[in-house]
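Please open the structure in your viewer and keep the selection panel at hand. The tour proceeds by selecting one part after another.

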Number of protein chains: 2
Amino acid sequence: MTRGVGRRVPIAKLLETASVGNAVEVTGWIRTSRFSKNVSFVALYDGSSADTVQIVLGDETDEELKKRLGVGASLRVKGEWVASPGAGQAFEIRAQSIEVVGDCDASSYPLQKKSTSLEYLRTIAHLRPRSKTHQSVVRVRNALSWHIHKYFQDRGFHWIHTPIITASDAEGAGELFEVTAGDKEEGFFGKRTFLTVSGQLEVECFAQSHTDVYTFGPTFRAENSNTPRHAAEFWMIEPEMAFADLDDVIALAEDFVRTVARNVMDQLPGDFAFFEFVRTKLEKGPSLLEQLESAISQPFARVTYAEAQEILAKVDRKWEFPVGYGTSMQAEHERYLAEEHFQRPVFVTNYPRDQKAFYMRLDDGEQTVSATDLLVPRVGEMIGGSQREERFDKLVEQMEFHHTPPDDLWWYLELRQFGTTPHGGFGLGLERMLMWMTGIHNIRDSIPFPRTPGSAEF
Amino acid sequence: MTRGVGRRVPIAKLLETASVGNAVEVTGWIRTSRFSKNVSFVALYDGSSADTVQIVLGDETDEELKKRLGVGASLRVKGEWVASPGAGQAFEIRAQSIEVVGDCDASSYPLQKKSTSLEYLRTIAHLRPRSKTHQSVVRVRNALSWHIHKYFQDRGFHWIHTPIITASDAEGAGELFEVTAGDKEEGFFGKRTFLTVSGQLEVECFAQSHTDVYTFGPTFRAENSNTPRHAAEFWMIEPEMAFADLDDVIALAEDFVRTVARNVMDQLPGDFAFFEFVRTKLEKGPSLLEQLESAISQPFARVTYAEAQEILAKVDRKWEFPVGYGTSMQAEHERYLAEEHFQRPVFVTNYPRDQKAFYMRLDDGEQTVSATDLLVPRVGEMIGGSQREERFDKLVEQMEFHHTPPDDLWWYLELRQFGTTPHGGFGLGLERMLMWMTGIHNIRDSIPFPRTPGSAEF
């Protein structure tokens, strides 16, 4: 066995628990190495920590071995955990044996020590998780995903695997990828099928049987737009609650964002220190951590769409897009509300009926629906939710208003015939929340192998 | 707010924590109701527990209300938690107020009290999570998924979202769904794209940067075969470890199955009692729980493919498919080994090179590869894993042997040029493990909206 039991220890654990004098064994890849006549240093990472561990080699080290200790090589190191006399780290490993597991040719290695742009790294998506930025992105994305699951599991929500291949178009948006196999005329499934744009309609079936449920999976939009905020494939989380109204949805969304953000930051202080450093270098204004802490510690704001439009109309500013009741809120308006007017996350509620999907519940007066978007600084819309229309007749009316054929959704309508309940939920874009938390500007840098128009190399 | 704070309590929590005399409030759906002159009983479920809670209505209950308390109606009940004089439950709710939230017309409701077959339930996939069997399936599937994540997160593995839309065919199996959008000749992505059959090749990039990683997501096979074990869309878990060999992969797989199964069973004793009851009714031989407990408590067996073939050749039995070195192991052989010969889960290792995928590591002698399948009673293959070929030249040789063009996988080959490491992992089919744990025979009953040839209604 290469690993054996209790031998290899992740660097994160070593840094936390090792005592001076311990015999230790680590594996990883070289981030940097420095050689001098008497002593040499290798900084090793293994993905478990934002910190490297420093390996110290004495002057007896073989010269041929030293030549192989360049950036990118993989090593197995045995040695002693000692206090470090140098600046930059409290402890280090005095190497007793070093095995080069895999060499790395410095002249052809695409990831050199010198800083490499995020644009360049996108062309080497298979190697970029080794870069300092993506080492951290991967850890934060993992922790965020984990704490999202944990949040719902701690509260008795059931994770439901809604289908990826589907015959229905939940949003009616029409930007669908089609799925085919072989050359059967009627298709593999006997009808035209597409990649899901949302699991909401399907997960509602489970809210009507298990009360509190959520999806966590990939979703797809075949939008042919090359923006920093859109990808053709992204991950969504969609909680849904039975016996709940719009206030319950908003209460859940706020508690969710606050709790998950706090837990992710607490788990990875080193990575957030790194993103804080990067953002502070790049931009003016409140720092990333100041923004996150402030969002977490004070209640989110809440306004109706009508109130939001009044606020926007009063601003002395030249908007690119029109404002006023009935206009569609654009990114510039969303960011103004969150960043400047409220200076914190804000729920906008009760949008005009024609601006939102057919399944949202009609408010009294039937001009607006019980919808809400959560707008956050820098990112804009991070969450979109609603109370759903649970009344059979009103839902049919809403379908007709939105040109959604009720026959296609007979099963969805039946949920309203047999023990219907007021219910609602929201959709969170995982990448949006990751961008909000890390300060990353481009969705292509937030997901392992981004899928965008013209791009599916890996 | 419909829910308010601290009002509605899940039935599972109520059964665990309520004290006699407490004022309680529950919401849910009626499983059964019984009416008599002096007293009436309603059994309510909300998806949180295998048990219903009994609601007792006094003789003062309005007759019009009683008529609406049929199976399937949704209720909000307020009352007092009292000791139950009846058999079947220790406590019950003495109702003070009952609100029918959503009526359910008994004459048209497809889910009547009388037992309904699993085949019939497949035709009402939107309602079947309300049935007793699927109430439990949903909870076990959720708990299994959660404990799988927890297992890896507790051990420092990073969840990686490998792409669903891909240009590569990891297994070389060729049973691919194609993904298209619009009518651009060169396609949305500038090349032909497909639904992933495995995230392994992509997640290997992250094992070479973060050491311990895993995928958990949907995968697809366009196999036009209608069997109880195959679906076109299913969920896979694929851990991958750097600095690891086949022994490490096997040690991980065994500890994983044992730990996760134990934790899921401990979390849901009521649901496992139900599946035990169902299986005991249907079949002879060791009960479901006896099988699971025995698998968990003793070490799994391990044989090479060559040894397994010797065992099979010695059995005095008429096989449907041939046995002997070089033959392909079929379900009948896999089940014999796990159920009869070893009577526990068994790892079969070192398969002939031509029977396995190109990425598996050549053993010394180059006739076999460092592969392993875990066979379990009733289900057959539940896990397939291997040490990967980390040597550049050998990998090219393997690709040529298996007719996989190296140019298509230039990025995969580069992992072997820059700091390569011995590494490996396995793939677990979530539905296979769920079927093993619940005794469910048909994959269509293990996944919310199954996708099989000719079937994608919902």
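The stops below cover a barrel, an open sheet with its helices, and the interface between two chains. Please bear in mind throughout that this is a predicted model.

**First stop: the barrel of chain B**

Select strands S1, S2, S3, S5 and S4 of chain B. In that order, these five strands close into a barrel with mixed pairing. From one strand to the next, the twist averages 55°.

Now restrict the selection to residues 23-35 and residues 40-45 of chain B, which are strands S1 and S2. The two run antiparallel and are joined by six bridges. Strands of a sheet pair through backbone hydrogen bonds, in either a parallel or an antiparallel sense. Which residue in S2(B) is the bridge partner of B:Trp29? The partner to highlight is B:Tyr45.

**Second stop: the open sheet of chain A**

Move to chain A and select its strands in the order S6-S10-S11-S16-S15-S14-S13-S12; these eight form an open sheet, again with mixed pairing. Strand S6 (158-159) and strand S12 (301-304) stand at the edges of this sheet. Each has a single partner strand, so one side of each lacks a neighbour in the sheet.

Within the sheet, display S11 (residues 233-242) and S16 (residues 423-429) of chain A, which pair in the antiparallel sense over five bridges. Here A:Ile237 stands opposite A:Leu428 of S16(A).

**Third stop: helices across the sheet**

Add helix H5 (residues 200-210) of chain A, which lies across S6, S10, S11 and S16 of that chain. The helix runs at about 30° to S11(A). Next add helix H6 (residues 246-267) of chain A; among the strands that H6 lies across are S11, S12 and S16. Its direction is at about 35° to S16(A).

**Fourth stop: where chains A and B meet**

Show both chains. In chain A, 111 residues are in contact with 111 residues of chain B. The area buried between the two chains is about 9200 Å², and carbon and sulfur atoms give 63% of this. On the side of chain A that touches chain B, helix H4 (residues 132-154) gives the most, with 11 residues. By class, that side has 52 nonpolar, 36 polar and 23 charged residues.

How many salt bridges does the rule find across this interface? The count is zero, whereas 36 residue pairs are in polar contact.

Finally, select residues 178-180 in both chains: S8 of chain A and S8 of chain B run antiparallel and are joined by three bridges. The bridge partner of A:Val179 is B:Val179.

Definitions and conventions:
Residues numbered from 1 in each chain as written. Chains lettered and ligands numbered in written order. Predicted model: local features only at pLDDT ≥ 70, side-chain atom pairs only at ≥ 80, totals over all residues. Heavy atoms only, no water. Pairing = 2+ DSSP bridges. Helix = DSSP H or I, 4+ residues; strand = E, 2+ residues; numbered from the N terminus. Axes fitted to C-alpha atoms, helices over the stretch in contact; angles between N-to-C directions. Contact = heavy atoms within 4.5 Å. Buried area = accessible area lost by both parts, 1.4 Å probe. Salt bridge = Lys/Arg side-chain N within 4 Å of Asp/Glu carboxyl O. Polar contact = N/O pair within 3.5 Å; in protein donor to acceptor, adjacent residues only side chain to side chain. Nonpolar A, V, L, I, M, F, W, Y, C, P; charged D, E, K, R; others polar.
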